[in-house]
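Please open the model in your viewer and keep the sequence alongside, since this tour moves from one selection to the next.

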Amino acid sequence: EKIFEENKIDCTIHLATHYKKVHSEEDVEKFIEANIRFPALILQQMVEHNVSFFINTGTFTEYDIGSEPIGENAKKRAHNLYSAFKIAFSDILKGYSDEFGIKAIDLKLFSPYGPKDNEKLFVYIVKSFVEGKQFEVTKGEQKWNWTYVTDIVDAYVKSLRYIEIMKNQYEAFNIGADKVHSIREIISLLEEMSGKKELAKFTKHYPKNEIFLVNCNNSKARRHLGWAPRTGLNTGLKEMYEFYSK
């Protein structure tokens, strides 16, 4: 509340989260606090202080994922508990938008990666190549729309510009790379960059709820936001490799 009282705020960009691919009992309250209660309290402060705009961060795992390119009107089907809470907050956001006139953009991010990320797959693999250490992965057949961090940031910048002229109260946009690439391809590119071979051991079992194909339809973001992915996988991996090498 104090932050809203002491500052003239025009727009909230909600980036905070508690994320777990596979959760334990202790994560449930953390999910609720970070993904439901905290942003709902922010929305309430926006109502009380006449803040007009809200940009939310969602995830492709909110969708019922199939082989067809996923559009914003695709059926919702939570891939895990984290995704279920993200879907729930999108509904809360729509409610505030309808009732109180807050204009909201909901960015559904497809597989972000880049330097300074938390210890997810890309960081683990790139650091292993930099250090020349053997590492264990699955067979690496998963094909996803890996989307580089600078392209993700550009989507938020363009959303800030669009939200002021947006006619609807709420809009969702898929933010994902045009092409899908397998983890096998990623490892092959890093082998070429580093000159280091046979570090990867493809012996790990797939998790029970693994997603093998994600295919993003980003045409709505192209039309309305003027956004398009500009950083190819090869360039993004080179930047990551150079960052962790230094």
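Leaving aside neighbours within four places in sequence, which residues is Phe122 in contact with? Select Phe122 and look around its side chain, bearing in mind that this is a predicted model: the residues in contact with Phe122, beyond those within four places in sequence, are Tyr113, Trp146, Ile186, Leu233, Leu237 and Met240. Phe122 is found in helix H4, and at 7% relative accessibility Phe122 counts as buried, because the cut-off for that class is under 20%. If you then draw a distance from the C-alpha atom of Phe122 to that of Asn174, you will find the two separated by 21 Å, with these positions 52 residues apart along the chain.

**The aromatic cluster**

Keep Phe122 selected and add Phe60, Phe110, Tyr113, Trp144, Trp146 and Tyr148, which together with Phe122 are linked by ring pairs into a cluster. The structure as a whole holds 15 aromatic pairs. Within the cluster, turn to Phe60 and Phe110, whose rings form a stacked pair with 5.3 Å from centre to centre and 25° between the planes. Phe60 belongs to the loop between S2 and H3, whereas Phe110 belongs to the loop between S3 and strand S4 (112-113), so this pair ties together parts that are 50 residues apart in sequence. Both Phe60 and Phe110 are buried.

For another ring geometry, select Phe243 and Tyr244, where the ring centres are 4.9 Å apart and the planes stand at 90°, so that the pair is edge-to-face. Phe243 is partly exposed, with a relative accessible area of 36%, while Tyr244 is buried, at 18%.

**The sheet**

Now show the strands in cartoon form and follow the open sheet, in which four strands are arranged in the order S1-S2-S3-S8 with parallel pairing. Strand S1 (11-14) and strand S8 (170-175) each have a single partner strand and stand at the edges, so one side of each has no neighbour in the sheet. From one strand to the next, the twist averages 15°.

Begin at S1, where the side chains alternate: Thr12 and His14 point to one face and are buried, while Cys11 and Ile13 point to the other face and are not. S1 pairs with S2 in the parallel sense over four bridges, and in this pairing Ile13 stands opposite Ile55 in S2. Trace the backbone from S1 through H2 to S2, and you follow a β-α-β crossover that is right-handed. Helix H2 (residues 27-48) lies across S1 and strand S2 (53-59), and the helix runs at about 175° to S1.

Move on to S2 and S3, which run parallel and are joined by seven bridges; here Gly58 stands opposite Lys108 in S3. S2, H3 and S3 make a right-handed β-α-β unit, and helix H3 (residues 81-100) lies across S1, S2, S3 and S8, running at about 160° to S2.

Which residues of S3 are buried on each of its two sides? Select the strand and compare its faces: Lys103, Ile105, Leu107 and Leu109 are buried on one side, and Ala104, Asp106 and Lys108 are buried on the other. Strand S3 (residues 103-109) continues the sheet through six bridges to S8, with the two strands running parallel. Across that pairing, Ile105 stands opposite Glu171 and Asp106 stands opposite Ala172.

**Charges over rings**

Next, select Arg184 with Phe202, where the charged end of the arginine sits over the ring at 3.6 Å from its centre. Then select Lys220, which lies over the face of Phe173 at 4.9 Å from the ring centre.

**Two positive phi values**

Finish with two backbone positions. Most residues other than glycine have a negative phi. Asn50, however, has a positive phi near 55°; Asn50 sits in the loop between H2 and S2 and is exposed, with a relative accessible area of 63%. Lys116 likewise has a positive phi, of about 70°, although it is not a glycine. Lys116 is found in the loop between S4 and helix H4 (121-131), and at 68% relative accessibility Lys116 counts as exposed.

Methods
Residues are numbered from 1 along each chain as its sequence is written. This is a predicted model: local features need pLDDT of at least 70, side-chain atom pairs count only at pLDDT 80 or more; totals for chains, interfaces and linings use all residues. Side-chain values use heavy atoms; hydrogens and water are left out. Two strands pair if DSSP finds at least two bridges between them. Axes are lines fitted to C-alpha atoms, for helices over the stretch in contact, and angles run from 0 to 180 degrees between N-to-C directions. Contact means heavy atoms within 4.5 Å. Buried means under 20% relative accessible area, exposed over 50%, partly exposed in between (1.4 Å probe, protein chains only). A crossover is right-handed if, with the strands pointing away from the viewer, the path from the first strand over the helix to the second runs clockwise. Rings of Phe, Tyr and Trp (its six-membered ring) pair if their centres lie within 6.5 Å; planes under 30 degrees apart count as stacked, over 60 as edge-to-face and the rest as tilted. A charge sits over a ring if NZ of Lys or CZ of Arg is within 6 Å of the ring centre and within 35 degrees of the ring normal.
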